[in-house]
Amino acid sequence: MALDGPAERRDEPQSAMGNGNGVAPPPPSRSAGRPPGAAAYTDQRLRLNPNLEHNPQDYSDVRGEYAPAVYSALERHLPPSLLDSNRETKLQLMREVLGHYWPQGERNKVQRHKEYRQKILHQYKPLHKDLYKMRPSSFFLPTFLEAIRTNTEEGFKSIMTEPVPGVYSFAMLQPSFCEMLLQEVENFEKWVHATKFKIIRPNTMNKYGAVLDDFGLEVMLTQFMEQFIAPMSTVFYPEVGGGTLDTHHAFVVEYGKDRDVELGFHVDDSEVTLNVCLGKHFSGGELYFRGIRCDTHVNSETQHEEMYDYIHVPGRAVLHRGRHRHGARPTSSGLRINLLLWCRSSVFREMKKYQKDFSGWCAECKREKRERQIHAVKATKLVNCHLCKTVYYMLLLTPCSILIRFFI
Ligand SMILES: O=C(O)CCC(=O)C(=O)O
Ligand SMILES: [Fe+2]
């Protein structure tokens, strides 16, 4: 890939483990000490379809990572021989089943992050309460709201440019919203500094910036994604789960003097990314794109027509697939702060595990598939050609009398 080196995958950092904020150690594993009579669930198959006649027990007093309703629903799938066992036995088995889908290590991480967030929420005092509740008319430009209202491809396209396939750019945020968000982030950073709170930065590749979901903006940003990004991604990126976005990671990045300088070549841990420049004044910091690739082809060569450099403008958004390889050039003066929303689809991620061919969106898979087809067509022609030649020589060598007989 000319000049850009291998593309990194830009991930969220690990959770708050050992971050010095007094987060509690992980709870002890529950799988130890199985109650007597409870065989490992692997000994007995779960029912594929729930037993709708069975009345599950009440699990409302059960505290932990899963809602009581999860246990009630799962109980209907237990092997028939276990349905009459005591509640503790069933609960233990169900915890083992769930443990396979969401291993203890993962659960501990989530638990620690939850405690990290709660600590911030208890201590941090927001500056602009108005930011924490979705207010479309004060957040978004009227042109953008009108496009969303139409909920059609034509409506969306009427406010957009698509400088390279799959990258859409449009004016989105009110200047007053950008200003408010910048002030809120500054206020949060001041609090972090004053309290010496050890925050988790947005990404493995950033030393600066903040995760907006961590200090109270998660609910508002969920609506932001569901109501104002999902309609567009449903139309533009259906093949990467654009129609089934269900979680997000929202953060700001900060570039300039005494901040991060540039961002290396990478793909995002998202299906769809919204990147909006909030300000302030800066030069440089162009966002360069280098084609869409799946995991296998992430470091394959860039084609000339895939190269595109986007210049950030405050209030203006760029929407692209997470797998669209990109990076940010050095911000050479001033300060550039951008809002990033990495939108994810758990349905797409699950389905992807069973797929090998991503020619629906990966440019390299598409190219390889085309080549295979061309090859196949050529091979068929060659076989046909050999067949023709064989028949022709046979005809030449066959005496006329036989041929006449053959055709009569
Ligand atoms: O700074 C930018 O505009 C790029 C940010 C980005 O790609 C990211 O944070 O994943
Ligand atoms: Fe990115």
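**Warm-up.** Which residue in S12 does His266 stand opposite?

*Solution.* Look across from His266 and you find His326 in S12. Keep in mind that this is a predicted model. The two strands involved, S6 and S12, run antiparallel and are joined by two bridges. Another pair to look up here is Leu263, which stands opposite Ala328 in S12.

**Exercise 1. Get an overview of the protein chain before going into detail.**

*Solution.*
- Step 1: count the elements. The protein chain has eleven helices and 13 strands.
- Step 2: check burial. Of its 408 residues, 31% count as buried.
- Step 3: look at the contacts. Take those between residues at least 6 apart in sequence, and 83% of them join residues at least 24 apart.
- Step 4: bring in the record. UniProt, in an unreviewed entry, places the feature "domain: Fe2OG dioxygenase" at residues 246-345; such annotations may be inferred rather than shown by experiment.
- Step 5: describe that stretch. Residues 246-345 are 0% helix and 62% strand, and the C-alpha atoms at the two ends are 5 Å apart.

**Exercise 2. Work out the sheet that holds S6, strand by strand.**

*Solution.*
- Step 1: write the order. This is an open sheet of five strands, S1-S6-S12-S9-S10, and its pairing is mixed.
- Step 2: find the edges. Strand S1 (8-10) and strand S10 (307-310) each have a single partner strand, so each has one side without a neighbour in the sheet.
- Step 3: add the twist. On average, neighbouring strands are turned by 35 degrees against each other, direction ignored.
- Step 4: start from the S1 end. S1 and S6 pair in the parallel sense over three bridges, and Arg10 stands opposite Asp268 in S6.
- Step 5: move on to S12. S9 and S12 pair in the antiparallel sense over four bridges, with Gly327 in S12 as the bridge partner of Tyr288.
- Step 6: finish at S10. S9 and S10 are antiparallel too, over four bridges, and here Leu287 stands opposite Tyr310 in S10.
- Step 7: ask about cover. S6 is mostly covered, with five of its six residues buried. Strand S9 (residues 287-292) is also mostly covered, again with five of six residues buried.

**Exercise 3. Map the shell around ligand 1 and tie it back to the strands.**

*Solution.*
- Step 1: list the residues. Around ligand 1 you find Arg10, Val253, Leu263, Asp268, Asn275, Leu287, His326, Ala328, Asn338 and Leu340.
- Step 2: sort them by character. The shell divides into five nonpolar, three polar and two charged residues.
- Step 3: ask which strands contribute. Strand S6 (263-268), strand S12 (324-328) and strand S13 (331-344) each supply at least two residues.
- Step 4: compare with the sheet. Arg10 and Asp268 belong to the shell, and they are the pair facing each other between S1 and S6. Leu263 and Ala328 are shell residues as well, and they stand opposite one another between S6 and S12. His326 is in the shell, with His266 across from it.

**Exercise 4. Is Leu274 buried or exposed, and what does Leu274 touch?**

*Solution.*
- Step 1: place it. Leu274 is in strand S7 (residues 272-279).
- Step 2: apply the cut-off. A residue is buried if 20 or more other C-beta atoms lie within 10 Å of its own. Leu274 has 24 C-beta neighbours inside 10 Å, so it counts as buried.
- Step 3: name the contacts. Not counting residues up to four places away in sequence, Leu274 touches Ile229, Ala317, Leu319 and Leu341.
- Step 4: check one of these. Ile229 is 45 residues away along the chain, yet the C-alpha atoms of Leu274 and Ile229 are separated by 7.8 Å.

**Exercise 5. Track down some backbone oddities.**

*Solution.*
- Step 1: look for a cis bond. The peptide bond from Gly279 to Lys280 is cis, with omega near -10 degrees. Lys280 sits in the loop between S7 and strand S8 (282-284).
- Step 2: look for positive phi outside glycine. Asn151 has a phi of about 50 degrees, and Asp258 has one of about 60 degrees.
- Step 3: place them. Asn151 is in the loop between helix H5 (142-150) and helix H6 (153-157), while Asp258 lies in the loop between strand S5 (247-256) and S6.
- Step 4: check exposure, which takes 12 or fewer neighbours. Asn151 has 12 other C-beta atoms within 10 Å, so it is exposed. Asp258 has 8, so it is exposed too.

Terms used
Residues numbered from 1 in each chain as written. Chains lettered and ligands numbered in written order. Predicted model: local features only at pLDDT ≥ 70, side-chain atom pairs only at ≥ 80, totals over all residues. Near = placed C-beta within 6 Å. Nonpolar A, V, L, I, M, F, W, Y, C, P; charged D, E, K, R; others polar. Pairing = 2+ DSSP bridges. Axes fitted to C-alpha atoms, helices over the stretch in contact; angles between N-to-C directions. Contact = placed C-beta atoms within 7 Å.
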